[in-house]
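Reader: I've just opened this structure and I'm not sure how to read it. Could you walk me through a few features?

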Amino acid sequence: MTPQPLSMLDTKKSRLNPRVAHIPPSGIRAFFDLVSAREDVISLGVGEPDFATPWHICEAGIHSLEVGQTCYTSNSGMLELREAAAAHIEKFHGGKFCPQSEMLVTVGGSEAIDLAMRAILQPHEEVLIPEPCFVAYKPLTVLAGGTPVPIPTFQDNGFLPSIEDLEKALTPATKAILLNYPNNPTGAVISKELLEAIAEFALRHDLIIISDEIYLLLSYEGRSPSFAEIPELHDHLIMIMGFSKAWAMTGWRLGIAAGPYDLIAGMTKIHQYSIMCAPTFSQVAALEALRHGDDEVRHMQKEYDARRRLICHHFNRMGLTTHVPKGAFYVFPNIQSTGLTSQAFAEQLLEKENVAVVPGPAFGDCGEGYVRCSYATSLEDIREALERIERFVKQI
Ligand code: PMP
């Protein structure tokens, strides 16, 4: 039987749970199916570092296999790793979590987000999600039985939500707010004032904040503030960090969730039955990353910073106004001056100049008029891509 495209699944006849059948396939994937059919494409599309994992981190993983560390660890993850992660979070995010009872080692930040949703949501409870946002947030909320409530944000406001926006979206069913600063796809970083105001809002309405801080070490204009810094929020916060971005470890699939005992215990229960534990050799490698990886993180952060400046400068010069990202490794140029939709811009750019960018609506409706470009791409490729984009924009 010829496989049907995912979007064509007939849910009436389908054996799938309608909740699964109705979830659209990732907008990024759909676009990259087009990209993979072509040769010599420069891709600014993928959200993954172009650096290899630092070698001493790989060696730690390899060594763990050589000495026979091939068994399960504790469901929560190796205690040594949780202790090192607690020290890291205290140093860089500014919050204290107990390694024994308030931390869980997960299969990437992705699993941590999924577990948080599944552990806290009852059917139809609502999660406020500022958009544009990481493509997985809405589907994971829906799969957990919840209802995502998008909070659109705009360039004029630095792609940050206001308390009024959050207040307006609040209903008796609101359970949580899912936030991500530094942000994918806009690069926005939250101010300390707004962070405190959102924390106060969450406490006032007894909401849980899920803060995805996976890009925190990739901040460029001073450290991006963390929700973990606010001691009063401790019982209302699930903080997520991961190794994929700052240590260039996407394929190792390792993340950490930190939060109050009851919520972490609930998440651990799901993880225990579905995953057992994160891969042991990846945990050993992550421990090495936390103990001896600071220099490489600093080096990669500096490289991204130089690329960020170059790419913003060129987009603005071309007339594609670009909010200067203060973190992560993405820019989100405004392409409205071209008169094209995001999808048409991305498709024509690919067709005419072989450069791949992601249409903004993949990250939420308010992403229309923008495209996402990742600068986790070599400087050489970025320079070439910018030349091609400029040529493309001039001929529109
Ligand atoms: N959160 C955000 C904001 C991301 O951009 C990503 C990856 N693109 C993830 C979480 C997932 O990362 P991982 O599962 O590799 O840790």
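Author: Sure, and let's begin with strands. Two strands pair if DSSP finds at least two bridges between them. Keep in mind that this is a predicted model.

Reader: Okay, so which residue in β12 is the bridge partner of Y330?

Author: That's S374. The strands involved are β9 and β12 (residues 371-374), which run antiparallel and are joined by two bridges.

Reader: What order do the strands of the open sheet come in?

Author: There are three of them, in the order β9-β12-β11, with antiparallel pairing. β9 (330-331) and β11 (358-359) are at the edges with a single partner strand each, so each has one side without a neighbour in the sheet.

Reader: Let's move to the ligand. Which residues come nearest to the ligand?

Author: For this, a residue is near a molecule if one of its heavy atoms lies within 4 Å of it. There are 13 residues around the ligand here, and G109, S110, D212, S244 and K245 come nearest. By type, the shell has four nonpolar, six polar and three charged residues.

Reader: Which helix gives the most to that shell?

Author: Helix α5 (residues 108-120) does, with three residues.

Reader: And how do I read polar contacts with the ligand?

Author: Look for a pair of N or O atoms within 3.5 Å. In this model, the side chain of S110 has an N or O atom 2.5 Å from an oxygen atom of the ligand. For the side chain of N184, the distance from such an atom to a ligand oxygen is 2.8 Å. K245 has a polar side-chain atom 2.7 Å from a nitrogen atom of the ligand.

Reader: How much of the ligand's exposed area does the protein bury?

Author: The ligand on its own exposes 400 Å², and the protein buries 92% of that. As for where to look, the ligand sits in the largest pocket.

Reader: Now the backbone. Which residues does a cis peptide bond join, with omega about 0 degrees?

Author: E131 and P132. You'll find P132 in the loop between β3 (126-131) and α6 (137-143). Another cis peptide bond joins Y181 and P182, with omega about -10 degrees. P182 is in the loop between β5 (174-179) and α8 (192-204).

Reader: One last thing: which residue has a positive phi although it is not a glycine?

Author: That's A248, with a phi of about 55 degrees. Look for A248 in the loop between β7 (237-242) and β8 (255-258).

Definitions and conventions: Residues are numbered from 1 along each chain as its sequence is written. This is a predicted model: local features need pLDDT of at least 70, side-chain atom pairs count only at pLDDT 80 or more; totals for chains, interfaces and linings use all residues. Side-chain values use heavy atoms; hydrogens and water are left out. A polar contact is a pair of N or O atoms within 3.5 Å; within protein, one must be able to donate a hydrogen and the other to accept it, and residues adjacent in sequence count only if both atoms are side-chain atoms. Accessible areas come from the Shrake-Rupley method with a 1.4 Å probe; for residues, only the protein chains shown count as cover. On a 1 Å grid over the protein atoms alone, a cavity is a set of points where a 1.4 Å probe fits but cannot get out, and a pocket is an open set with protein on both sides within 12 Å along at least five of seven lines; lining residues have an atom within 4 Å of a point. A molecule sits in a cavity or pocket if more than half of its atoms lie within 2 Å of its grid points. Helices (H or I, at least four residues) and strands (E, at least two) are DSSP runs, numbered from the N terminus. Ala, Val, Leu, Ile, Met, Phe, Trp, Tyr, Cys and Pro count as nonpolar, Asp, Glu, Lys and Arg as charged, and the others, Gly among them, as polar.
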